[in-house]
Structure formats: structure tokens, C-alpha cells
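Biologist: Let's walk through this one together. I'll ask, you reason it out, okay?

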Amino acid sequence: MDMGRLAGVPGAGMDVVVENVMVVETFVELVIGRGGEQISQIQQQSGCRVQMSEESSTGLRECTLQGNKSAVDKAREMIMDVLNSAWNQTPPARNGGGYNDGGSQNEGNRGPPAPEGQTTQEMLIPGLKCGLIIGKSGVTIKAIQEQTGVKMLLIQGNSKATGVPKPLRISGDPVKVKQARRMVEKILQSKKEVFVPSCLVGEIIGKDGEAIKKLEKKSGATIHIKRDDVSNAPDRYTTIQGSPDQIIKATQLISDLVKKIGGGKLSEVFFMHVPADKTGLVIGQGGETIKKIIHESKAHVELFPDPLLNGSENVFIIKGSRYEIYHAQQLITTKIGVMPADHGSR
């Protein structure tokens, strides 16, 4: 924090404080508000000048506060109130979010017990989205920890990016853990994964990338088709990044193009959490039940091989069209005897 006397800022006749607050890129729009309304209100009510830096490749934006100490303190407090309000309003991404609802670290006799008054929860992060949570050189996960006061550990096994989901452990005060979870959920919602038939990838990308650039221009989203790690794989993993509206538009454009070209369909992925003691009902003797679910829904359904930290849930990976995923969910929830959760895909 720098002290000095600056002309043209609130409190210019007094000692002026210059403080930088790091804001995760996904949450910048909350601080600025529509048409700059929110950031203008913060400046008017606090008497502090608030400036947001330009977009950065680090995944963080620097928010500079200038004014006397009380004005800067007030502005910082208002910014955190905006973020806290957003976190508290974000609905938890229960079964559909690609991770579980958490639980203390000592559930299922796994790991040391959490200190009194604290909790450790686990979220299952889609493997190819781990980079979003970590950020360049770890800046995103560090910023989340600093802003919420929790400790976070992403268990990757190795540094190679794969499609296998990885557990993210969050430890600390229960309220702060909840805030951190919602920050992570918000970041995950800014990116969607789909599967494109491998035989159509060349036409979707186009010569020198012309076709995919047109899709990006029309939708406003960023589209990346991952290189094939497995020879002769039927589908290619594709990420779509942008605002919710941009992601929806890009998904529809790609889907329409796939249908127009022919030879396959666009697939989405859904991670469905099932109580551990109900998993057998979904699989059935000799895999008979899960085979029937696959046949009836036309979706690809498989059990994620690694158990979750709390030991009380298992995860089924469902891949297919939005309707096929929904159909498979309904069949599974009927088998285990519970009401279906939100069926938004990721």
C-alpha cells in the first residue's frame, strides 16, 4: 500500500492511499455492473477512485483504489459486499455440477479430522477444467484462497491434463468454504465442454481455421478443439468459453453445423452423483441394469473409477445429447428411488 499526495483524486488535500485489490476475472463484471453502474456507485458512496485494469492472461484483474484511508477502506468493503452477495445468491451446483455437495474430511475415516469449528469439503472438478481453477502460475486458486481465507488443494495425481475429474479439497470456516465453493462454481460455469465427432473436426475448423473463426465471431465465444490423444477416438473434446449466452449460441451453431454436415452428433457431459449404497442398483448384476439404461437412453454411462473423499457417494459419467443425458438421469433416479436433481449439463 502506497502513501502520498496525489492531485485529482478524492481526499487530495490529505494523505492519499493507493491500494490494489486482485479480482478473479469471472467476477469483474459484478464489480463494474451494467454500464458501469456498480463501480460508479462504489466511487460515489465511498469517495474513493476505483479503476479496473485491462484484461489479463493471468485470470486476475487489478482493481486500484485511490483516496484517503477511510475512503479506500469503504470502497474495499463495498467491493467485498458485492462479491459476497453474488456468492450467496449463486445456487449450489448439486449433482449436475460435476462435483459433490461436500462433507467433512474425516467422513468415511479418510484423512485427519478437521479442527474444531472448521470443515473440509470436496468438489469433483472435470479434468480438463482444472486449469481454470488453478490459473496461470496458480494465480486463480491463490486469489480465491486470499479473498475467502480458506485453504484449497487440487489433487491431480500428475500434471498431465486428462478428461478424468479431480477432487478439490477446501478447508476452513464453514461460511468461507461455502463462498469459495461458489466462486469455483461460477468459474466453471464460464466454460462448457462438448464432444464433436472426429470425422467432422476438419470441416468445423476449416482451411487455416477459417470455419471455426466464423463460429467464434458469430457467437462471441472462444472455441477450442483439443488435439486427439487417442488414435481412432470417435469424438474430440471441445471447450467453449464465454458468457452464458455466448456459450449457448456457440453450442447451437456447432450442433447445427454437425447436423448439416452429417455423420454424427454433438455430445455433452454430465457428472451424476449417486449414494454409494445405491450404486449397485444402477449397475445391476453383471452390469445388466446399466446396459439397459444405456440402451434405452442412447447415452454413454460409466462409473467413475475413483471414490470420493467422503466415501458416501459415487459418480456416474453420462455422455450424449442433452435429451439423452436427461433420459439417462431419469432412469437412474428411478432405480435408486430419489427425485432427480437439476439436469443442467457441463
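Modeller: Ground rule: buried means under 20% relative accessible area, exposed means over 50%, and partly exposed is in between (1.4 Å probe, protein chains only). This is a predicted model, where local features need pLDDT of at least 70 and side-chain atom pairs count only at pLDDT 80 or more, while totals for chains, interfaces and linings use all residues. Residues are numbered from 1 along each chain as its sequence is written, and side-chain values use heavy atoms, leaving out hydrogens and water.

Biologist: What is the relative accessible area of Arg 76, and which residue does its side chain meet in a salt bridge?

Modeller: Arg 76 counts as partly exposed because its relative accessible area is 26%. A salt bridge here puts a side-chain nitrogen of Lys or Arg within 4 Å of a carboxyl oxygen of Asp or Glu. At 2.8 Å, N to O, the partner is Asp 73.

Biologist: Which helix holds both Asp 73 and Lys 69?

Modeller: Their side chains form a salt bridge at 3.0 Å, N to O. Lys 69 is exposed at 52%, while Asp 73 is partly exposed at 26%. The two sit 4 residues apart, about one turn of the helix. Helices are DSSP runs of H or I with at least four residues, strands are E runs of at least two, both numbered from the N terminus, and this pair lies in helix 3.

Biologist: In what order do the 3 strands of the open sheet come?

Modeller: Two strands pair if DSSP finds at least two bridges between them. The pairing in this sheet is antiparallel; strand 6 and strand 7 (residues 166–172), for instance, share 4 bridges. The edge strands, each pairing on one side only, are strand 5 (119–125) and strand 6 (151–154). That fits the order 5-7-6.

Biologist: Which residue in strand 7 is the bridge partner of Leu 153?

Modeller: Leu 153 pairs with a residue in strand 7. That residue is partly exposed, at 23% relative accessibility. The partner is Arg 169.

Biologist: How many residues apart in sequence are Arg 169 and Glu 122?

Modeller: Their side chains meet in a salt bridge at 3.7 Å, N to O. Arg 169 lies in strand 7 and Glu 122 in strand 5, so the pair ties together parts separated by 47 residues.

Biologist: Which residues are joined into one network by salt bridges that share partners?

Modeller: By the rule above, the count comes to 4 salt bridges. Shared partners link Glu 19, Lys 69, Asp 73 and Arg 76.
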